[in-house]
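The following exercises concern aromatic pairs, charges over rings and nonpolar cores. Each task is followed by a solution in steps.

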Amino acid sequence: MTVIWLCHGTGDGIVIKTRFPFRTEVGAARTNYMNRKGTPGIVVQAFVSAELEFVFISAKLSGSTHDWIAYSCTSLAESIAANHLPQQYFMVADAAYVCSEQLLTPWPGNDLTPAQDAFNYHLSIMRQVVERSFGVLIQRWGIFWQHLRFGMKCWSLVMLVCCKLHNWCIKTRDSVPAMNANQSHMHKQAFQDGMQQMAAAKTIWPGRRVDLEQSKRRTIITMLLEKNRAFRPLSY
């Protein structure tokens, strides 16, 4: 009997820029909302489908929160830990997350075998979906073009509503004005390049031993890639 594994979603985090919280809203924790780039905001954890639809969204923690910690505080993390996700499914994420059987992340380090490099290459291609979703979401709703300046209690709600409206636009195909093929390619490439640069700038949570993170599924998929010689294409 052949076992088929299916990617159920790709995930990542993004900081949505906000005004600096008032002391009456968060007390002495105001500085926690400053991310490493010196911008106040909230951390959004999202997982998306291949169609760029948001299948899970959480926007409740301060901007300085590490992606893995923010993910660990979500109901999705609790559900996966409780084995509510069928075993044939898995999620993919970047190196900021801890690898497990149902949340696959890249092989760490630079001294990788060709098979491990192939795994990282194919996982990166799958992860482009969530970066594109963030890019389309931000571009679609002008409210995110500047810092959110309304009441703090509404920040998470506005993010959730915009993601739901984004999904509605995807389902009804009422997304953006029609573009010719060249414009469409340039549009998508610009979003992809920008979001990849943002993802590459992320640092791994201090104190983690990524070399000790084990996943039998990641190992088996890597072996299958090697067996089928599905390596990273050569650059010319």
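**Exercise 1.** In this predicted model, determine whether Phe54 is buried or exposed, and do likewise for Phe134. Then classify the geometry of their ring pair and state which elements it ties together.

*Solution.* Step 1: a residue counts as buried under 20% relative accessible area. Phe54 has a relative accessibility of 8%, so Phe54 is buried. Phe134, at 0%, is buried as well.

Step 2: ring centres must lie within 6.5 Å to pair, and planes neither under 30 degrees nor over 60 degrees apart count as tilted. The rings of Phe54 and Phe134 have centres 6.2 Å apart and planes at 40°, so this pair is tilted.

Step 3: Phe54 belongs to strand S3 (residues 54–62) and Phe134 to helix H4 (residues 114–140), so the pair ties together parts that are 80 residues apart in sequence.

**Exercise 2.** Classify the pair formed by Trp68 and Tyr71, locate both residues in their helix, and identify the cluster that contains them.

*Solution.* Step 1: with 5.4 Å from centre to centre and 35° between the planes, the pair of Trp68 and Tyr71 is tilted.

Step 2: both residues lie in helix H2 (residues 67–72); because they are three residues apart there, about one helical turn separates them. Trp68 and Tyr71 are both buried.

Step 3: ring pairs join Trp68 and Tyr71 with Phe47 and Tyr97 in a cluster. The aromatic pairs in the model number five.

**Exercise 3.** Which arginine lies over the face of Phe22, and which over the face of Trp107?

*Solution.* Step 1: over Phe22 lies Arg19, at 4.1 Å from the ring centre.

Step 2: over Trp107 lies Arg218, at 4.1 Å from the ring centre.

**Exercise 4.** Describe the largest nonpolar core through its most connected members, the elements that supply it, and the contacts of Ile16.

*Solution.* Step 1: the largest nonpolar core has 25 residues, of which Ile16, Phe54, Leu137, Phe144 and Met159 touch the most other members.

Step 2: at least two residues of this core come from each of strand S1 (6–17), strand S2 (41–48), S3, H4 and helix H5 (155–172). H5 gives the most, namely six residues.

Step 3: leaving aside residues up to four places away in sequence, Ile16 touches Pro40, Gly41, Ile42, Val44, Ile138, Phe144, Leu148 and Met159.

Step 4: another core, of 13 residues, lies apart from the largest one and includes Phe56, Trp68, Leu85 and Tyr97.

How values were computed:
Residues are numbered from 1 along each chain as its sequence is written. This is a predicted model: local features need pLDDT of at least 70, side-chain atom pairs count only at pLDDT 80 or more; totals for chains, interfaces and linings use all residues. Side-chain values use heavy atoms; hydrogens and water are left out. Rings of Phe, Tyr and Trp (its six-membered ring) pair if their centres lie within 6.5 Å; planes under 30 degrees apart count as stacked, over 60 as edge-to-face and the rest as tilted. Helices (H or I, at least four residues) and strands (E, at least two) are DSSP runs, numbered from the N terminus. Buried means under 20% relative accessible area, exposed over 50%, partly exposed in between (1.4 Å probe, protein chains only). A charge sits over a ring if NZ of Lys or CZ of Arg is within 6 Å of the ring centre and within 35 degrees of the ring normal. A nonpolar core is a set of buried Ala, Val, Leu, Ile, Met, Phe, Trp, Tyr and Cys residues joined through side-chain atoms within 4.5 Å. Contact means heavy atoms within 4.5 Å.
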